[in-house]
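Walk through this model with a helix pair in view, then turn to a pocket.

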Amino acid sequence: TILEYEFKDGVNKYLATHDPATGVKSLADVIEYNRDNPEKAMPFFKMELLESSNDRGDLTDEAYLEALTAVKTRARDGIDGTMDRLNLDAIIAPTGGPSWCIDLINGDNYGGGSSSPAAWAGYPNVSVPAGDVNGLPVGISFFGRAWSEGELISIAYAFEQQTQARKVPQFLPALPY
């Protein structure tokens with residue numbers, strides 16, 4: 001719910017500030033353009049998220065405000081409660097899995113990540129390199145309570161210095177489909 005409201009709001013604000021030759025000025029215009037040009041605009045994927053987002057109202061709608069309050073409250077209670085109960089300075093989790101090839105048949109192979117709880121709570125999250133999986137980079141995230149940025153940066157810096165996990169990026173050939 002929150003993603004759809006905010007996606008529509010953000011796309012509409014962005015497009016309103018540009019003057020593309022296509023005349024596309026809103027999410028509704030994007031949908032119309034895609035419907036009129038399916039082979040060029042959407043050869044592999046459909047528009048379910050675009051359409052459901054476009055059906056939402058603006059950021060003053062009661063449904064949006066209620067969802068936002070509920071998610072923030074639960075996320076903050078979860079993070080603060082866990083940190084209190086376990087006497088933690090930070091919560092550490094994999095940032096996400098390694099990248100994957102786009103699968104035009106089955107869609108993304110997203111294996112999850114750890115940024116959502118901190119983002120929902122409005123709390124800080126620091127991600128640093130943690131090594132690689134079969135040559136693909138992975139990161140580790142440190143998140144915690146509101147206003148703990150200084151402590152999290154110190155912890156993340158100590159991790160970086162201790163592990164030296166960052167590898168210089170390389171331009172490798174793409175994997176075949």
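In this predicted model, helix α1 passes helix α5 in a left-handed crossing. Helix α1 covers residues 2-16, and helix α5 covers residues 62-86. Their axes come within 9 Å and cross at roughly 120°. Angles of 65 to 115 degrees would count as roughly perpendicular, and those over 145 as roughly antiparallel. The crossing angle therefore makes α1 oblique to α5.

Now look at the side of each helix that takes part. From α1 come Ile2, Tyr5 and Glu6. They meet Ala63, Tyr64, Ala67, Leu68 and Val71 in α5. By class, this contact has seven nonpolar residues, no polar ones and one charged.

Next, the pocket. The largest one has a volume of about 510 Å³. Its lining is made of 21 residues. Which of them are closest to its centre? They are Gly135, Leu136, Pro137, Gln170 and Leu172.

Two strands appear as elements that give two or more residues to this lining: β2 (125-133) and β3 (136-143). Strand β2 gives the most, with four residues. What is the make-up of the lining by class? The lining of the largest pocket has 14 nonpolar, four polar and three charged residues.

Definitions and conventions: Residues numbered from 1 in each chain as written. Predicted model: local features only at pLDDT ≥ 70, side-chain atom pairs only at ≥ 80, totals over all residues. Heavy atoms only, no water. 1 Å grid on protein atoms, 1.4 Å probe; cavity = no way out; pocket = protein on both sides within 12 Å on 5 of 7 lines; lining within 4 Å. Points joined across faces, edges and corners; volume = space filled by probe spheres on them. Nonpolar A, V, L, I, M, F, W, Y, C, P; charged D, E, K, R; others polar. Axes fitted to C-alpha atoms, helices over the stretch in contact; angles between N-to-C directions. Parallel < 35°, antiparallel > 145°, perpendicular 65-115°, else oblique. Left-handed = near helix turned anticlockwise from the far one by under 90°. Contact = heavy atoms within 4.5 Å.
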